[in-house]
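Me: I have a chain on my screen and want to go through its fold step by step. Can you take my questions in turn?

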Amino acid sequence: MKWSNGSRVARHWQKLDDGGSVQCGLCPRHCRPGDGELGFCGTRGNVHGELHTYNYGRAVHLASERIETEAVVHYAPGARTLCLGNVGCMLTCSFCQNWETSQISFLDPKHVQEFTPEEVIAIARLHGIQFLSWTYNDPVVWQEFVLETARLGLANGIKSIYKSAFYIEEAPVRELLDVIEVFTLSLKSMAPTFYRQHTKGTLEPVLKATEIVYGAGKHLEVSNLLVTGLNDSEADMRAMARWCVEHIPGTPLHVVRFHPAFQYADVSRTPFETVLRAREIALEEGVGHLLVERFGLTTTIRGIGSNGLCARCGARTPIKHPFAGHSSEPAGDAPVSGERSFEFQWTSENSGLHVVAPDRCRDRVPLSVKRLPGGSMETIWLGHRLTRILISKGSAEETGVEVSWDGDLPVSYLPTLDRAHYPVESTVGPAHVHLSAQQ
């Protein structure tokens, strides 16, 4: 089936008096498609004088990750999230990290599945997951499905995290404030020319929408992808940190390492030294007592008492619900004899991977994860339409993981290049996995 077969009337548009055109009001681009035409994002278009959305309920394979993968560190550390990515985007970043799904012209339909809001909530409840993450490509172009599913989630005690480049108009932002608990927004640069040249968008609407979220008192965190040679100068970094301090004070700022992708692949990854320097610039505004220690996606509460206050000075910390993430772990282990297994060795470029089960796996299946060498054991669960789960390096001493399971289920893997990366088959790296089946 063609992924875009079928559509429904969208939100945020108006008719134009020019013989059938409509104008979209979702993002600042204000596309005006004629009858039968699509807008810039490739997911909204004119159907006989009405603006329709073509991607309602259409998602890439669902994944279970941790809240930290969404660039959130001051809310429920370590919490598990059900990650939902759709297709299309209101920007065309030359360096897009998830271009295989964000850019419609490159989309492989085999990566698209259909869900209803009720199915998403049922999957989260079955797997004991308390957060939905609207992530990967960008949820702005998924407004209708996000609103309905997030609202249903709240009715079932499941909160939503919204990760976005936030090229969006004010009216749809106001709608989101009613159903989204956590906003984690990407600011790519403080230079208007950068947005025009490298994203085909504009900066001012992004800043305005970010300030609306901050002013509404929602939990907000900001990330800045340091793209080699484009926005990684000290002047760029200082401008970013200064804007955050002046306009959204107290908001965590994440600096993120870029990996070459899409139309900007003939460069190196962001040097570690550049990322560390960006951190130094941000920390020049001040640093306090260590509250949560992290290695990859492993979190340990160090400086917060059981009352939620700073263990050193007794003040209230900026971290909301510090112990909620650790209370949402899946219940119990399950015996796994290890009929089949693979090992994955961590490298400097790959310190995480998606463990992937096939779509036909309808039951929940336990898999055993052993940290190497000779480390701890844990059980993860896949199946029932949750087909991916993220595993990452848990300590400096850890060299890899061994994943084992029973039966003939063809479990596979896809390495991730950073915490926000959604890999597809074409991005699988060198074959450093050994598959085996016990006799």
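Reply: Buried means under 20% relative accessible area. This is a predicted model. Go ahead.

Me: Is Cys-361 buried or exposed?
Reply: Cys-361 has a relative accessible area of 6%. The cut-off for buried is under 20%. So Cys-361 is buried.

Me: What about Cys-244, buried or exposed?
Reply: The relative accessible area of Cys-244 is 5%. The limit is again under 20%. Therefore Cys-244 counts as buried.

Me: How many disulfides are there?
Reply: A disulfide is a covalent bond between the sulfur atoms of two cysteines. The rule asks for a pair of cysteine sulfur atoms within 2.5 Å. By this rule the number of disulfides is 0.

Me: In which order do the strands of the 10-strand sheet run?
Reply: The sheet is open, and its pairing is mixed. Its edge strands are β14 (253–257) and β23 (412–416), each paired on one side only. Neighbouring strands are turned by 25° against each other on average, direction ignored. The order is β14-β13-β12-β11-β10-β8-β7-β21-β18-β23.

Me: Which residue of β10 is the bridge partner of Leu-82?
Reply: Strand β8 (residues 80–84) runs parallel to β10, and 4 bridges join them. Strand β10 covers residues 131–134. The partner of Leu-82 there is Leu-132.

Me: And which residue of β11 is the bridge partner of Phe-131?
Reply: β10 also pairs with strand β11 (residues 159–164). That pairing is parallel, over 4 bridges. The partner of Phe-131 is Lys-159.

Me: Through which helix does the chain cross from β10 to β11, and what is the hand of the crossover?
Reply: The chain leaves β10, passes through helix α3 (residues 143–155) and reaches β11. This makes a β-α-β unit. The helix is α3, and the crossover is right-handed.

Me: Which residues of β10 point one way, and which the other?
Reply: Strand β10 holds four residues that are all buried: Phe-131, Leu-132, Ser-133 and Trp-134. Leu-132 and Trp-134 share one direction. Pointing the other way are Phe-131 and Ser-133.

Me: How are α3 and α4 oriented to each other?
Reply: Two packed helices are described by the angle between their axes and the distance between the axes. For α3 and helix α4 (residues 170–177), the angle is about 20° and the axes are 10 Å apart. Angles under 35 degrees count as roughly parallel, so α3 is roughly parallel to α4.

Me: What is the hand of the crossing of α3 and α4?
Reply: The two helices pack at about 20°. Their crossing is left-handed.

Me: Which residue stands opposite Val-356?
Reply: Strand β18 (residues 352–356) pairs with strand β21 (residues 386–392). The sense is antiparallel, over 5 bridges. Opposite Val-356 in β21 is Arg-388.

Me: Which residue stands opposite Val-9?
Reply: An open sheet of 3 strands has the order β1-β5-β4, with antiparallel pairing. Its edge strands are β1 (8–9) and β4. β1 pairs with strand β5 (residues 50–53) over 2 bridges. In β5, the residue opposite Val-9 is His-52.

Me: What distance separates the C-alpha atoms of Gly-42 and Gly-88?
Reply: Gly-42 sits in the loop between β3 (22–24) and β4 (44–47). Gly-42 is buried, with a relative accessible area of 11%. Gly-42 and Gly-88 are 46 residues apart along the chain. Their C-alpha atoms are separated by 6.0 Å.

Definitions and conventions. Residues numbered from 1 in each chain as written. Predicted model: local features only at pLDDT ≥ 70, side-chain atom pairs only at ≥ 80, totals over all residues. Heavy atoms only, no water. Buried < 20%, exposed > 50% of the residue type's maximum accessible area, 1.4 Å probe, protein only. Pairing = 2+ DSSP bridges. Right-handed = clockwise from strand over helix to strand, strands pointing away. Axes fitted to C-alpha atoms, helices over the stretch in contact; angles between N-to-C directions. Parallel < 35°, antiparallel > 145°, perpendicular 65-115°, else oblique. Left-handed = near helix turned anticlockwise from the far one by under 90°.
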